[in-house]
Amino acid sequence: MIVLGYNGFSRVAELFGRLYGHTPESVDRHNLIGHDAAACLFVDGRLVAAVEEERLNRQKKTSAFPALAIRWCLDQAGLDFDDVDRFAFGWNHDEAYADAVVTGVAGSPEPAEARLRTLATFGELYLGAIGRSALLEDFTRSTGYALPDAKLVTVPHHHAHLACGRLFSGAEDAAFLVNDGTAERNSAIMGEVRNGKVEVFDRFTIDAGHSIAQLFGAITRYLGFVPNNDEYKVMGLAGFGEAPAKNPLLGEVVTLEESGRYSLRLAHDRRGPRAYDGLLDELFGGDDATRHTFDYRVRLACAAQQMIETVTAHQLRALAGATDLRDLIFEGGLALNCVNNTELLEETPFERMEVSFGASDPGVSIGAAAHVAFEQAEPVTAAMAPYTGPAYDADDIRKVLRQHEPALVWEEIPTAEVARRTTDLLSAKKVVGWFQGRTEFGPRALGNRSILADPSHADMKDVINNRVKHREPFRPFAPIVLERDAAKVFELGKKDRSPYMTFVFPVRPEYTEKIAAATHVDATSRIQTVTEEGNPLLAELLSEFTARTGVPCLVNTSFNVAGEPIVCSPEDAVACFLGTDIDHLVIGDFVVSKN
C-alpha cells in the first residue's frame with residue numbers, strides 16, 4: 001500500500017487573516033490550524049520521504065498547502081498521484097464536528113446577533129478551508145490532480161500525533177499523552193496502546209477551551225513574543241530564576257481537578273489569547289513599563305514553567321493509576337517543552353518516556369499516514385528517520401558554489417578527510433556551517449543542517465547569538481555528544497539516550513566549564529546523542545574532535561538565522577553563510593571560506 005500523508009491548507013492563512021485578524025504582520029500570525037505544513041510518503045509500510053513545506057517555500061511555519069513537499073515526496077519514489085492508494089490528512093473536521101460547533105454556538109447565552117455573526121464566520125471557514133469538500137477542492141486546485149473522495153482519509157489530529165509517536169518510540173504497548181493547543185475539539189487526550197489497539201480514556205480528555213498549551217501561548221504573547229512560535233523562549237527564560245513558592249497561576253488561573261483533569265478560569269473566552277492580559281497584570285503587577293523587562297519576564301516565565309510541570313504531572317499520575325503499562329509516549333506541541341519532559345519522567349511512575357522529533361505539528365503528516373498503516377495492520381518502519389528530506393550531490397553543490405564564485409573560495413577534499421578538516425576548524429575556535437546528507441525533519445537541527453562550534457569557549461554562545469543567529473542573548477545552545485559518552489558528561493536519570501533533543505539533563509559539575517557554551521545558566525543542557533549507526537559522519541566528527549581536544553561535545557544549533565526556516569538546499573546554505581559571520585561552510589566534501 002502507498003500512503004501519502006500531509007498537513008496544510010491553501011486558504012487558511014487568508015481566512016484567518018480576514019476573519020480573525022491573524023495577518024502575517026500580527027503577533028498572532030501563527031495561531032491558525034495547518035501551520036507547520038508538511039508531506040510524507042509510505043511505500044509498503046516503509047517511510048521513504050518526508051519534508052516540511054517551509055524548507056522548500058522558505059516561509060517559516062507556513063500553513064500553505066504542501067504542494068512542493070508532496071511533489072518532492074512522489075518524485076523521490078518515482079511515483080505519481082494515481083499510484084497512491086490513500087491520501088491521509090492530519091485533521092478530521094467532519095459533519096459531527098460541524099454539528100457540535102453549530103449546536104454549541106446556537107445554545108450559547110450570547111445575543112442572537114452575536115451568535116449569527118459567529119456562525120457566519122465559522123461557516124465561511126468550514127466551507128472555504130477545513131470541511132471535507134473544501135479539502136478535496138484544495139487538493140485539486142493546488143496540484144491539478146482531482147483527488148477521488150474515496151482516497152482521502154481524514155485522521156483526527158490527536159490520533160495523527162499519537163501514530164507519529166508510536167512509529168518512532170519503538171514501544172509495542174505503551175500509555176500515551178497527547179497535549180497541544182487544540183485539535184478538532186479537544187486539547188489533550190490520554191490512554192493506552194495495547195496489542196495494536198488504541199484506547200482513549202475519555203474521562204481524562206480536556207476540551208480546547210481549557211487548553212494549557214494555549215494558556216502558555218497567551219503568556220508568551222503577553223511577554224512580547226510570538227505565540228505558537230516562541231514558547232521555547234519562555235521555557236529558556238525560566239532557567240534564569242526559581243519557581244515561586246506560591247504560584248498565582250495555580251489556583252487563580254488553573255484549577256487541578258480529580259482524576260487528572262484541570263480547568264482554566266477564562267475558558268472559552270472569545271477574546272482569545274488577549275483574555276489573560278489584564279488578569280496577568282493583576283496577579284504579577286505588570287504594566288506597560290515593566291511587562292517586557294528581563295526581570296519581569298523571568299519571574300512570569302518561572303511561574304508558567306512550574307504551571308506546565310504541575311499540570312502535566314497531575315495528568316500523568318492519574319494515567320499511571322489507570323494503566324499498568326510503564327512505557328509512555330508523549331506527543332503534541334507541549335511535548336517540545338523539554339525541561340518538562342525530564343521532570344515528568346523522573347517524577348512520575350513511568351519507567352520509559354519517548355518524545356519524537358515530530359512531536360509538534362510537522363509530525364501529523366507522518367502520523368496521519370502511519371495511522372492508516374496501523375489501521376490496516378501493516379508493519380511500519382522508519383529506519384532512516386529523522387533524515388528524511390532532500391539530499392544533494394557534489395554536482396549540485398559545485399554548481400551553487402560557482403554561481404557565488406567572486407564571494408567564495410573552496411576546496412573539494414576526499415570524504416575520508418571531512419571529519420579531520422572540520423575538526424581543524426572547530427579546534428581553532430571557528431564557527432562552522434555543517435551541511436551533510438538528507439535534511440532532517442522537525443523543528444530541531446539534528447546534525448545534517450547545523451551550525452557547529454567548540455563549546456569549551458564560554459563566549460561562544462554570545463558570538464553565535466550576536467554575530468550569526470541575530471537573536472536574544474539569553475538563548476542557550478544545545479550540545480551533541482556520542483551516545484557512549486553521554487552518561488559521563490550528563491546526569492541522564494532514567495534515560496540512556498536522547499537522539500532528538502527532546503530532554504534536558506543536568507551537566508555533571510566537572511564538565512560545566514568544559515562545555516560552558518552549551519551549558520544553560522541553570523547548569524543543564526538539551527542534548528542530542530549520536531551513534532555511528534544513526535549518523536556515521538557526525539559520529540566520526542565527534543570522535544575526532546573529542547580525541548583531539550578532550551572536549552566530548554560540540555555546540556549544535558540550527559543552520560538558519562532568527563525568523564527563517566532551517567536551510568535545506570545548497571543555495572539556502574550559501575545564502576545564510578554569506579549573510580552571517582559563520583567562519584566556514586563544510587558542505588558535502590567541500591570546505592568553503594569567504595573571499
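Which residues line the largest cavity? In this predicted model, the lining is made up of Glu-354, Val-355, Lys-495, Arg-497, Ser-498, Pro-499, Tyr-500, Thr-502 and Phe-503. By class, four of these lining residues are nonpolar, two are polar and three are charged. The volume enclosed is about 50 Å³, and the structure holds two cavities of 30 Å³ or more.

The second largest cavity offers about 40 Å³ of space. Glu-354, Val-355 and Tyr-500 appear in its lining, together with Gly-165, Phe-168, Ser-169, Ile-329, Glu-331 and Ser-356. Helix 7 (157–169) and strand 12 (327–331) each contribute at least two residues to the lining of the second largest cavity, with helix 7 giving the largest share, three residues. Here the division is four nonpolar, three polar and two charged.

Turning to the strands, an open sheet of mixed pairing is built from five of them in the order 3-2-1-4-5. Its edges are strand 3 (46–52) and strand 5 (152–154), each of which pairs on one side only. On average, neighbouring strands of this sheet are turned by 20° against each other, direction ignored. Within the sheet, strand 1 (residues 2–7) and strand 2 (residues 38–43) run antiparallel and are joined by six bridges; Gly-5 has Cys-40 of strand 2 as its bridge partner. Helix 6 (residues 132–143) lies across strand 1, strand 4 (86–89) and strand 5, at about 130° to strand 5.

A hairpin is formed by strand 7 and strand 8, with two residues between them. Four bridges pair strand 7 (residues 186–194) with strand 8 (residues 197–200) in the antiparallel sense, and Glu-192 finds its bridge partner in Glu-199 of strand 8. In the turn, Asn-195 has a positive phi of about 55°.

Methods. Residues numbered from 1 in each chain as written. Predicted model: local features only at pLDDT ≥ 70, side-chain atom pairs only at ≥ 80, totals over all residues. Heavy atoms only, no water. Pairing = 2+ DSSP bridges. Axes fitted to C-alpha atoms, helices over the stretch in contact; angles between N-to-C directions. Contact = heavy atoms within 4.5 Å. 1 Å grid on protein atoms, 1.4 Å probe; cavity = no way out; pocket = protein on both sides within 12 Å on 5 of 7 lines; lining within 4 Å. Points joined across faces, edges and corners; volume = space filled by probe spheres on them. Nonpolar A, V, L, I, M, F, W, Y, C, P; charged D, E, K, R; others polar.
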